[in-house]
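Student: Please pick one part of this structure for a close look, and start from a pair of residues that face each other. I'd like to follow the contacts outward from there in one connected account.

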Amino acid sequence: MRFDAAVLRSYEDPFAVEEVILNAGPGEGEVLVRIAGCGMCRTDLAVRRSAGRSPLPAVLGHEGAGVVVETGGADTGLSAGDHVVLSFDSCGHCRSCLGAAPAYCDTFAALNLFGGRAENAARFTDAAGGALAPRWFGQSSFAAYAMVPARNAVRVDSALPLELLGPLGCGFLTGAGAVLNSFGAGPGDTVAVFGAGAVGLAAVMAATAAGAVVVAVDRHPERLALAEKFGAAALHAASGDLPDRIRRLTDGGARYALDTTGSAPLINDALRSLRPRGHLGLVARLHSELPLETGTLDRGRRLSHICEGDAVPALMIPRLTGLWQAGRFPFDQLIRTYPLTDINEAEADCEAGRVVKPVLIP
């Protein structure tokens, strides 16, 4: 079958929406999905800075949602017509996957970041027959259709606004999962969120829904205004004595802090803002050494990296849609939609901070 997709051919060039070809239907354990919408995540854009580790040309996109068109057998657990949200790929049989921690799959990087599954890779080509990278995050959903392992397709209620649900598979799942899964935050807990982008604001919404006291830190006034709208106290990242101000707002220090920025000074501020035995989680990929200032890890404070919100997508995505239906996780207020043909405009707006979460509509 032939359909349109946004192809990235080099690390410097813009995306080009062009015809691509899928030369075979779904194999065992796979489903073909007609994409209704796909979120643009900074992980997609980071390919440009991947120093050649991510193979090109490729169709990116890993926050897809759509309708199942065809399945590769009854064992997929899905049927044509099902509405699904697509999440990250995992092998399903390593120790981490068997231990309900698929984000720490032994082959996570190979499956999601460096070309995807090699099986049947040649069936996905451009119109001239040139090979495209097999599958980005198990989906390559900047496209009208995506072939995905059934393992990373989560059935959702058909009454939900399908074209907006894709970011629940990664960005929103990461922020909310860090709060609800990694921290287990609940009523009366205190959470400080550093960086009020898509991941950070999802964390703010989840913490508020959990009954926690929330402080959000960012340098964009409009994003701080959103954080306040979702129930957080807001502090500008350039505020003097930031840790002291957070400690005053959280009655002696935050129990949990989440950094989405990867900024060493803010990470040190986050550690200093914690109460004794507090936990700081990092979700951003660090691109340089992280110097920790003296005393920041004293008194039982700890630091960990959190991948994909420690989530099992099949459990977490329905939890988030349920919170949205209850009016407690208004993620749709962070989204601006663009036609797939405007993908380069969406990228520019995302990089400039003019939009929190772009969603591309094929």
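Tutor: Happy to, with the reminder that this is a predicted model. Let's begin at V20, which stands opposite D126 in β7. The strand pairing around these residues is antiparallel, with three bridges between β2 (residues 16–22) and β7. Stepping back, β2 and β7 belong to an open sheet of four strands, ordered β4-β1-β2-β7 and paired in the antiparallel sense. At its edges are β4 (58–59) and β7 (124–126), each with a pairing partner on one side only.

Now stay with D126 and look at its side chain. Which residue does D126 meet in a salt bridge? The partner is R9, with 2.9 Å from N to O. This contact links distant parts of the chain, since R9 sits in the loop between β1 and β2 while D126 is in strand β7, 117 residues away. The partners differ in their surroundings: R9 is partly exposed because its relative accessible area is 37%, whereas D126, at 9%, falls under the 20% cut-off and so counts as buried.

The sheet holds another such contact. R2 forms a salt bridge with E19, and the closest N and O atoms are 2.8 Å apart. R2 lies in strand β1 (residues 2–8) and E19 in strand β2, so this pair ties together parts that are 17 residues apart in sequence. R2 counts as exposed because its relative accessibility is 52%, and E19 is partly exposed at 33%.

For a parallel case elsewhere in the chain, look at R336 and D349, whose side chains meet in a salt bridge at 3.4 Å from N to O. Here, too, distant parts are linked: R336 is in strand β16 (residues 335–339) and D349 in helix α10 (residues 343–352), 13 residues apart. R336 is partly exposed at 38% relative accessibility, while D349 is buried at 8%. Back where we started, salt bridges that share partners join R9, E18 and D126 into one network, so the D126 contact with R9 is part of a network in which salt bridges share partners. Across the whole structure, a search finds 16 salt bridges.

From β7 we can follow the chain onward to the aromatic residues. A search of the whole structure gives nine aromatic pairs. One of them is F88 with F108, a tilted pair with 5.8 Å from centre to centre and 55° between the planes. F88 lies in the loop between β6 (83–86) and α2 (95–98) and F108 in helix α3 (residues 108–112), so the pair ties together parts that are 20 residues apart in sequence. F88 is buried, with 4% relative accessible area, and F108 is buried at 12%.

How are the rings of F108 and F137 arranged? Their centres are 6.2 Å apart and their planes stand at 85°, so this pair is edge-to-face. It links distant parts of the chain as well: F108 is in helix α3, and F137 is in the loop between β7 and β8 (145–149), 29 residues apart. Both F108 and F137 are buried. Together with W136, the residues F88, F108 and F137 form one aromatic cluster.

For contrast with the edge strand β7, consider β10 (residues 190–194). Five of its five residues are buried, so β10 is largely enclosed by the rest of the structure. Its two faces are covered, by T190, A192 and F194 on one side and V191 and V193 on the other, all of them buried. In a regular strand, side chains alternate between the two faces of the sheet. β10 runs parallel to strand β11 (residues 213–218), to which five bridges join it, and F194 stands opposite V217 in β11.

Two loops round off the tour. S239, in the loop between β12 (233–236) and α7 (242–249), counts as buried at 18% relative accessibility. Its side chain reaches the backbone oxygen of H236 at 2.7 Å and makes a polar contact with the side chain of R245 at 3.1 Å. L292, in the loop between β14 (274–282) and β15 (302–305), is partly exposed at 36%. With L297 and L303, L292 forms a nonpolar patch on the surface, and the three together have about 210 Å² of accessible area.

Methods
Residues numbered from 1 in each chain as written. Predicted model: local features only at pLDDT ≥ 70, side-chain atom pairs only at ≥ 80, totals over all residues. Heavy atoms only, no water. Patch = residues over 30% accessible without salt bridge, like charges linked within 9 Å, V, L, I, M, F, W, Y side chains within 5 Å. Areas by Shrake-Rupley, 256 points an atom, 1.4 Å probe, with all protein chains shown as cover. Salt bridge = Lys/Arg side-chain N within 4 Å of Asp/Glu carboxyl O. Buried < 20%, exposed > 50% of the residue type's maximum accessible area, 1.4 Å probe, protein only. Pairing = 2+ DSSP bridges. Polar contact = N/O pair within 3.5 Å; in protein donor to acceptor, adjacent residues only side chain to side chain. Phe/Tyr/Trp six-rings, centres within 6.5 Å; stacked < 30°, edge-to-face > 60°.
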